[in-house]
Amino acid sequence: MEILSSYNLIIGASLIVVLSFFFNGISKKTNIPAVLMLIVLGILIKIGLEFFIPEIPDFKGSLEILGTVGLIMIVLEAALELELKKEKLWPILKSMAIALIGLVGSAYVAALILNQFIPNMTMQSAWLYATPLSILSSAIIIPSVGGLSEEKKEFHIYESTFSDIMGIMMFYFLTGKLNPAEDTGAVGFGINLVVTIVIALVASYAIILVFQRIKSQAKLFLLISVLLLLYAIGKKMHLSSLIIILVFGLIVKNVNLFFPGKTKIFLENERMQQIYHELHIVTLETAFVVRTFFFVIFGITIVLSSLLSVNVAIVSLLIIASIYIIRFLVLIVFVGKDMLPQLFIAPRGLITVLLFYAIPLEAQIEGFESGILLFVIIATSLVMTWAMIRDKRKMGTMLDEIDEEIAERNLAEDAIRQSENKELIEPKNDTPEQISPEDTI
């Protein structure tokens, strides 16, 4: 029987989605990222396939497509959660600053480490390899921080989204440096950014005005197709296409802010509310499915033997240590001492893998082992898991203490009420005291 027949693939894909659903449930109860369970599932599938077929198919092409679609869906999902208000301007700017400084600082130190320990690694190539390792994974962070306080949850959503966008922009800025004919420098990069934002605003307004007037029920995947088309065309034009997705999501979420005053006449509020809620559901579901298959396929493509290298372990541990040291220094400046569990929520994931496979051939170094990638992803995810579990226990202890205080206060109030009731129930002795004859003398 053909192992990779169409029916077997359908059965396998369906089982993977079902297992991913259960992994999400386990993740919510234990704070173990579902991504780790999906990678392990992929490794187990690979081991199983090796018993039946001599050569496992190359999944790298599908991995790149899934990663790109997953990235778009994750950023759109995050943007649809972000509410823009004046009081949130400072948290947004602070998150952006932390993401940028953390990204550049981590990439610089990681590049120095790679340049020192990897044979034939030039500093230019080291920067390209270090950038993916320095980007926070919104694919892991956003689904994992739901149990945190609203302030900390918003911080992580902003920070991880900005880290994704700025990391991708930085990566493609560095790849442009490889070809002097295409390198436009910092000025050209700035112009590129402004052009991207203008196109994003124009396209977003046009999409909203058109789609709110479409009466057909089957329009949401048409909308997503248009966004994917804009993203792909933007990449062909060397624009920072992810900004288009982010801007569109922000406008849909904050439509009243972007249509002020008399421009509200162009809006159909009920239709926009419907589009928002349906789009939110579709992006959530699509991101879940795409993320599931991306990390399972990544697990299948992993070469486990690379983890046994001493050089891989040393380089990985140095990079991991630098990640948390730089993060500590940045957070102590911008956040202060209340930096837990934020300090340890810095996993690497989807973007790291996606950009690693996008490194141009002329910058690739044979001495770089992919085990470093896997080591950093797994280690940072495990550290985040530990921090989230520790924070959950701490919150549980605080809640227990609050419950105890409330119980003690209730007992005290009950005792007071009982004493007051006792005084009311007991009859007062109003009979005058008898006076003895001796007292009258």
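How many helices and how many strands are there in the protein?

**Figure 1. Overall view of the predicted model and its secondary structure.** The protein contains 16 helices and zero strands. Of its 441 residues, 45% are buried. Among the contacts in the protein with a separation of 6 or more, 81% are accounted for by residues 24 or more positions apart. The protein exposes about 23800 Å², and carbon and sulfur atoms supply 66% of that area.

**Figure 2. Close-up of the largest nonpolar core.** This core has 116 residues, and those with the most contacts inside it are Ile-39, Leu-71, Leu-114, Phe-248, Ile-319, Leu-350 and Ile-372. Helix α12, which spans residues 269-301, gives the most to this core, with 13 residues. Apart from the largest core lies another core, of seven residues, among them Phe-155, Ile-326, Val-330 and Leu-331. In soluble globular proteins, nonpolar side chains tend to be buried together.

**Figure 3. Close-up of the surroundings of Leu-350.** Leu-350 is one of the residues with the most contacts inside the largest nonpolar core, and Leu-71 is listed there as well. When its neighbours within four places in sequence are left aside, Leu-350 is in contact with Gly-67, Leu-71 and Ile-74, with Ser-137 and Ala-139, and with Phe-294 and Phe-295. Phe-294 and Phe-295 fall within the residue range 269-301 of helix α12.

**Figure 4. Close-up of Lys-152 in helix α7.** The helix that holds Lys-152 runs over residues 150-176. Is Lys-152 buried or exposed? Lys-152 counts as buried because its relative accessibility is 16%, and the cut-off for a buried residue is under 20%. Leaving aside its neighbours within four places in sequence, Lys-152 is in contact with Asp-338, Leu-340, Pro-341 and Gln-342.

**Figure 5. Close-up of a nonpolar surface patch.** The patch, of about 630 Å², is made by Val-187, Ile-191, Val-195, Ile-199, Leu-229, Ile-233 and Met-237. The elements that give two or more residues to the patch are α8, covering residues 185-211, and α9, covering residues 220-236. Helix α8 supplies the largest share, four residues. Leu-229, one of the residues of the patch, has its place in helix α9. Leu-229 counts as exposed because its relative accessibility is 52%, and the cut-off for an exposed residue is over 50%.

Terms used:
Residues numbered from 1 in each chain as written. Predicted model: local features only at pLDDT ≥ 70, side-chain atom pairs only at ≥ 80, totals over all residues. Heavy atoms only, no water. Buried < 20%, exposed > 50% of the residue type's maximum accessible area, 1.4 Å probe, protein only. Contact = heavy atoms within 4.5 Å. Areas by Shrake-Rupley, 256 points an atom, 1.4 Å probe, with all protein chains shown as cover. Patch = residues over 30% accessible without salt bridge, like charges linked within 9 Å, V, L, I, M, F, W, Y side chains within 5 Å. Salt bridge = Lys/Arg side-chain N within 4 Å of Asp/Glu carboxyl O. Core = buried A, V, L, I, M, F, W, Y, C linked by side-chain atoms within 4.5 Å.
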